[in-house]
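Here's a quick briefing to read alongside the model. Have the viewer open and follow the bullets topic by topic.

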Protein chains: 2
Amino acid sequence: MSYTIKDVAKHANVSIATVSRVLNGQGGYSKATEDKVHLAIKELGYQPNAFARGLISNKSNTIGILFPEVSSQFSSKILRGVEEAAHRLDSSVIVCNTASHGQRTMKYLQLLTEKRIDGILFVSEMITEEYYKKIESMQVPVVLISTESYQYPLPYVKVDDKHAAFTATDYLVKMGHSKIGMISGNKDDIIAGQPRIDGFKQALAQRGLAIKDENIIHSNGFSFNDGFTGLRRLLEQSPDLTALFAASDALALGAISAAYKLGIKIPENLSIIGYDNLPIAEMAIPPLTTVAQPLEEMGIVAAEMLFTMMNQGRRVESRIMSHSVIERESVKKVNLT
Amino acid sequence: MSYTIKDVAKHANVSIATVSRVLNGQGGYSKATEDKVHLAIKELGYQPNAFARGLISNKSNTIGILFPEVSSQFSSKILRGVEEAAHRLDSSVIVCNTASHGQRTMKYLQLLTEKRIDGILFVSEMITEEYYKKIESMQVPVVLISTESYQYPLPYVKVDDKHAAFTATDYLVKMGHSKIGMISGNKDDIIAGQPRIDGFKQALAQRGLAIKDENIIHSNGFSFNDGFTGLRRLLEQSPDLTALFAASDALALGAISAAYKLGIKIPENLSIIGYDNLPIAEMAIPPLTTVAQPLEEMGIVAAEMLFTMMNQGRRVESRIMSHSVIERESVKKVNLT
DNA sequence: TTGTATGCGTTATCAC
DNA sequence: GTGATAACGCATACAA
């Protein structure tokens, strides 16, 4: 197979202990032997074996990250950030696509345990009791991304959904709109669903605007199709809306598409603000004004939190990342009445 | 730390050999001991240690995949497929973002070697001599995705770029267009650049249409921005084009955006066909007609190829995946003159 | 400054 | 059917 320190030792005429020492740069050897060893390593093309190292150190230099769906722009951006942070610390990242499926998630956790990964990142999903117990038994640090747990003491990094939704809605109001609708995600989603609805309502209330149920459409999810069908339904209920807050960029894009079919001009006839600031927001026609979540940075921050937990063994504070509205061209300023 | 088979053995009053046997379901033990062992495993919450197993088997049940950029819809889709196939075989996948950077790529390969991954997937990038030597020394199967190597005998899975570009262009011709332009990627890219240009030209030639240099814009890449600026440049050179083949969906979306700014209606004034069929194609306004690559399936197929190489140790045939045009609304049928 | 020996958790080869 | 025990490749405590 491949060479071991034993081979290197023989080749360099030293003991394996010495080889191990120079390999880890621990000092305690002469320059001469160091050179000898390095030479032998090079000549043989020796490659350290992470299995053997891991067996001793009980560390894998690998972290695991679980997504409900890896192939979304949302996930990709986070993954990009995580990967970057991990790479800086010579760590690898294993991706897991849970498909929001309990059994599948548990299987991943099992695999990750056996591989003795150093930490876990959990994205966008609720932590069930089953997950938590498993995680706890793994004795490994965990950080939540874009979700949080009310029942279990797990650190997280996310934006304040309610606040961000408030900001989005308030932006619409500031631009002169008073008849504002919303297409929300699933309202049973206590992280990304209800809080954004609450933020929306609170912004209206604070400005003294009426909150009407027929101005809100509750979708099943946050997808393009949800937005597409959502807009039709919304406009049937409330034809006179002048502005719309979509709880995700995908929803917003779907709404824009539906508007296009319906002959409704954006932003002339209807202003739309999204949520997320995915790459697609910029590509939309018109370019989508939206509330940005710093996804890539969230990935970096979460990974860094994980590493400090791993390496320094200390607890870490959750982080609320700041959001901001990115003004593009889907919202029109309107004269206040 | 965590329990070992030794603990389990003691707990069940058997030897570690027996524990190992039932753990691997090898038979050669009585039902009674089997139950005893299973019970002990459960009671202790024993977790096998992949390090120890790997040390013996020299297998990690992990594969590595290298992308120039993980956070693109293109990469995500492939990753999704790979992940799916790997999961079915209880394998994990480590993602690496090379940023098309030689040194970074080499470092990843180094990490993957040390971790004794079972196979490598290489996406969208040229294999340099340096990479190939490293890969060869790793003694591990490799499959290329959406790229191929003319110098090294590495199996790949991709679509036929030239053919697909031909198909796209020919579709435009069949729809009645004769003044057709192209925004290509980098023409120095011998995989996704030049071949698509060749396919474009060949389709025109076959139909007896003139091939004019000013009808082709060579971008630096395949991005939205390249398409955005590309369309302006193209139209300056050739104002009377009625149709456009964009060598990627991102290019196409950029072109659509530019057209929107320019007051050019798609498809009334200009028909556009893209390449890739990413999710964004469907979200475009108008929805983009495009040549589809089955990205997710390519990921699955490539991973499966890798696994048969790994497990059966035999060589494997490269796969040309079939493409198809997805008709949406960005191409208008025109009367033949 | 260097070498010897032990153990990390498993699997596998022997014996019994 | 079952149990010792020797690897696997490395790090490290202890000797020298």
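What follows covers the protein surface around one DNA strand, then a few backbone features.

Keep in mind that this is a predicted model. On the DNA side, 26 residues sit around DNA strand D, and they come from both chain A and chain B, with Ile5(A) and Thr18(B) among the nearest. On the backbone side, there's a cis peptide bond before Pro286(A) and another before Pro286(B).

**Around DNA strand D**

- Five residues come nearest to DNA strand D: Ile5(A) and Tyr46(A) from one chain, plus Thr18(B), Arg21(B) and Thr33(B) from the other.
- Of the strand D atoms that come within 4 Å of the protein, 64% belong to sugar and phosphate.
- By residue class, this surface splits into 13 nonpolar, 11 polar and two charged residues.

**Phosphate contacts**

- Thr18(B) puts a polar side-chain atom 2.8 Å from a phosphate oxygen of DNA strand D.
- For Arg53(A), the distance from a side-chain N or O atom to a phosphate oxygen of the strand is 2.9 Å.
- Asn24(A) also has a side-chain N or O atom by a phosphate oxygen of DNA strand D, at 3.3 Å.
- Helices H2 (16-23) and H4 (50-57) of chain A, along with H2 (16-23) and H4 (50-57) of chain B, are the elements that each supply two or more residues to the surface near DNA strand D.
- H2(B) gives the most here, with four residues.

**Cis prolines**

- In chain A, the bond from Ile285(A) to Pro286(A) is cis, with omega near -5 degrees.
- Pro286(A) belongs to the loop that links helix H12 (279-283) to strand E10 (289-292) in chain A.
- Over in chain B, the Ile285(B) to Pro286(B) bond is cis, with omega near -5 degrees.
- You'll find Pro286(B) in the loop between helix H12 (279-283) and strand E10 (289-292) of chain B.

**Positive phi outside glycine**

- Arg116(A) isn't a glycine, yet its phi is positive, near 55 degrees.
- Look for Arg116(A) in the chain A loop between helix H6 (102-114) and strand E3 (119-123).
- Is Arg116(A) buried or exposed? Its relative accessibility is 12%, under the 20% cut-off, so Arg116(A) counts as buried.
- Asn277(A) is another non-glycine residue with positive phi, this time near 60 degrees.
- Asn277(A) sits in the loop between strand E9 (271-276) and H12 of chain A.
- Asn277(A) counts as partly exposed because its relative accessibility is 25%, and partly exposed covers the range between the 20% and 50% cut-offs.

How values were computed: Residues numbered from 1 in each chain as written. Chains lettered and ligands numbered in written order. Predicted model: local features only at pLDDT ≥ 70, side-chain atom pairs only at ≥ 80, totals over all residues. Heavy atoms only, no water. Buried < 20%, exposed > 50% of the residue type's maximum accessible area, 1.4 Å probe, protein only. Near = heavy atom within 4 Å. Polar contact = N/O pair within 3.5 Å; in protein donor to acceptor, adjacent residues only side chain to side chain. Nonpolar A, V, L, I, M, F, W, Y, C, P; charged D, E, K, R; others polar.
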